[in-house]
Amino acid sequence: MEKQVKIKIRNLYKIFGPRPKTALDMYLKKKSKSEILSKTKSTLGVCGVSFDIYQGETLVIMGLSGSGKSTLLRCLNRLHETTQGSIIMDGQDIVQMDYHKVLEMRRHKMSMVFQKFALFPHKTVLENVEFGLEIQKTPEYLRKEKAQKALEQVGLKGWDQFYSPQLSGGMQQRVGLARALAVNPDVLLMDEPFSALDPLIRTDMQDELLPLRKNIQKTIVFVTHDLAEAIKLGDRIVIMKDGELVQIGTPKEILLSPSTSYVEKFVESIDIERALENIAKNP
Ligand code: ADP
Ligand code: MG
């Protein structure tokens with residue numbers, strides 16, 4: 001099957017602080033990060049990143065804490081303003097969109113699933129899912145129908161009148177996902193949604209997301225610092241270090257041919273044989 005590019009990221013830079021242009025110049029002249037920081041009081045969040053995200057794939061952004069994963073993700077939906085570069089989605093540069101267009105994109109094309117799913121405990125499951133539609137200004141008579149459909153998609157039909165604290169962690173995750181899905185976005189952004197959880201619950205959640213991922217047929221950009229999680233969930237993985245992209249590839253490619261010692265260290269930390277077996281089971 002021919003792969004279609006959904007989002008094209010080119011030469012993307014995000015620099016935090018008062019003197020981004022000077023910091024960028026220094027970076028291009030190969031000055032060290034500490035020198036750049038002390039001279040410009042500016043931090044390089046993402047440096048010169050380019051890659052494509054395919055329609056319908058789950059792309060995982062992985063790397064140590066501080067490597068620029070969240071910054072990269074947040075440039076996609078303009079929670080951060082990009083310093084330089086372009087992000088082309090469906091022929092439009094997200095970096096150049098005016099604010100009205102950005103809001104429209106967030107309401108209709110790209111939703112974010114927040115850490116711990118940010119559910120309202122005093123609202124029913126249905127009301128939680130309707131919330132995204134309210135923001136989207138969907139007329140009231142359509143909201144219930146769309147919210148019910150999203151609940152069905154995540155396997156929570158019949159749970160609409162429950163309150164989120166009555167649900168298990170995995171089910172709460174599905175409510176959060178249903179809320180993001182209800183607006184029928186093309187792209188879902190997820191920033192370490194499982195990182196704050198106990199290992200066992202976390203494994204459950206990953207297992208729940210796997211079949212859903214296939215069902216919903218969305219483009220998903222998923223951030224994690226855990227290579228095992230990246231391998232389990234990703235069609236492809238982007239590995240970040242100090243704001244730079246160090247490797248992009250399928251889980252198998254990353255496992256079998258890590259491009260640098262940094263990637264190798266991650267790979268050494270997991271059970272490679274078992275990971276490869278799992279990939280064979282869930283291609
Ligand atoms: P990750 O998500 O991989 O842990 P981040 O994208 O949050 O990393 O951070 C990348 C770099 O950018 C870090 O050095 C971090 O300190 C810096 N950074 C992130 N957000 C901000 C901000 N709002 N202001 C200044 N520096 C920031
Ligand atoms: Mg982060």
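These legends describe close-up views of a predicted model.

**View 1. The two domains of the protein chain.**
The domain assignment splits the chain into domain 1 (5-109 + 185-281) and domain 2 (110-184). Domain 1 is thus given as two stretches of sequence, with domain 2 written as one. The centres of domain 1 and domain 2, taken over C-alpha atoms, are separated by 26 Å. Across the boundary, 31 residues of domain 1 are in contact with 21 residues of domain 2.

**View 2. The largest nonpolar core.**
This core has 47 residues. Val129, Leu177, Leu188, Phe222, Leu227, Ile231 and Ile237 have the most contacts inside it. Helix H7 (residues 169-182) gives the most to this core, with seven residues. Where does the core lie relative to domain 1 and domain 2? Both domains give residues to it, so the core lies between them. A second, separate core has 28 residues. Leu12, Ile53, Met89 and Met240 are among them.

**View 3. The surroundings of Phe222.**
Phe222 is one of the residues with the most contacts inside the largest nonpolar core. Its neighbours within four places in sequence are left aside here. Phe222 is then in contact with Leu59, Val60 and Ile61, among others. Its contacts also include Met190, Pro193, Phe194 and Leu209. Glu229 and Leu233 are in contact with Phe222 as well.

**View 4. Leu227 in helix H9.**
Leu227 is found in helix H9. Is Leu227 buried or exposed? Its relative accessible area is 2%, under the 20% limit, so Leu227 counts as buried. Residues up to four places away in sequence are not counted in what follows. Leu227 touches Met62, Ile237 and Ile254. It also touches Phe266, Val267 and Ile270. Leu227 and Ile237 are ten residues apart in sequence. In space, their C-alpha atoms are 9.1 Å apart. Both residues are listed with the most contacts inside the largest nonpolar core.

**View 5. The buried side of helix H11.**
Helix H11 covers residues 261-268. Which residues of H11 are buried? They are Tyr262, Val263, Phe266 and Val267. These residues cover an arc of only 140° around the axis, which puts them on the same side of H11. An α-helix has 3.6 residues a turn, so residues three or four places apart point the same way. The face turned away from the buried side carries the exposed residues Ser261, Lys265 and Glu268. What do the buried residues of H11 pack against? Their partners include three strands: E3 (58-63), E9 (236-241) and E10 (244-249). Helices H9 (227-233), H10 (251-256) and H12 (272-281) are partners too.

**View 6. Aromatic rings and lysines.**
A search of the whole structure finds five aromatic pairs. In one of these, the rings of Tyr262 and Phe266 have their centres 5.2 Å apart. The ring planes stand at 85°, so the pair is edge-to-face. Both residues lie in helix H11, four residues apart, about one turn of the helix. Tyr262 is buried, and so is Phe266. Lys241 lies over the face of Tyr262, at 5.6 Å from the ring centre. Elsewhere, Lys123 lies over the face of Phe120, at 5.2 Å from the ring centre.

**View 7. Leu276 in helix H12.**
Leu276 is found in helix H12. Its relative accessible area is 25%, and Leu276 is therefore partly exposed. Leaving aside its neighbours within four places in sequence, Leu276 is in contact with Lys252, Leu255 and Leu256. Leu276 and Pro251 are 25 residues apart in sequence. Their C-alpha atoms are 8.6 Å apart in space.

**View 8. Two loop residues with positive phi.**
Asp90 has a positive phi of about 45° although it is not a glycine. Asp90 lies in the loop between strand E4 (84-89) and strand E5 (92-93). At 42% relative accessibility, Asp90 counts as partly exposed. Lys137 is also a residue other than glycine, and its phi is positive, near 65°. Where is Lys137 placed? It is in the loop between helix H5 (125-135) and helix H6 (140-153). The relative accessible area of Lys137 is 63%, so Lys137 is exposed.

How values were computed:
Residues are numbered from 1 along each chain as its sequence is written. Chains are lettered from A and ligands numbered from 1 in the order in which they are written. This is a predicted model: local features need pLDDT of at least 70, side-chain atom pairs count only at pLDDT 80 or more; totals for chains, interfaces and linings use all residues. Side-chain values use heavy atoms; hydrogens and water are left out. Buried means under 20% relative accessible area, exposed over 50%, partly exposed in between (1.4 Å probe, protein chains only). The arc is that of the directions from the helix axis to the C-beta atoms. Contact means heavy atoms within 4.5 Å. Rings of Phe, Tyr and Trp (its six-membered ring) pair if their centres lie within 6.5 Å; planes under 30 degrees apart count as stacked, over 60 as edge-to-face and the rest as tilted. A charge sits over a ring if NZ of Lys or CZ of Arg is within 6 Å of the ring centre and within 35 degrees of the ring normal. A nonpolar core is a set of buried Ala, Val, Leu, Ile, Met, Phe, Trp, Tyr and Cys residues joined through side-chain atoms within 4.5 Å. Domain bounds come from an automatic or database domain assignment.
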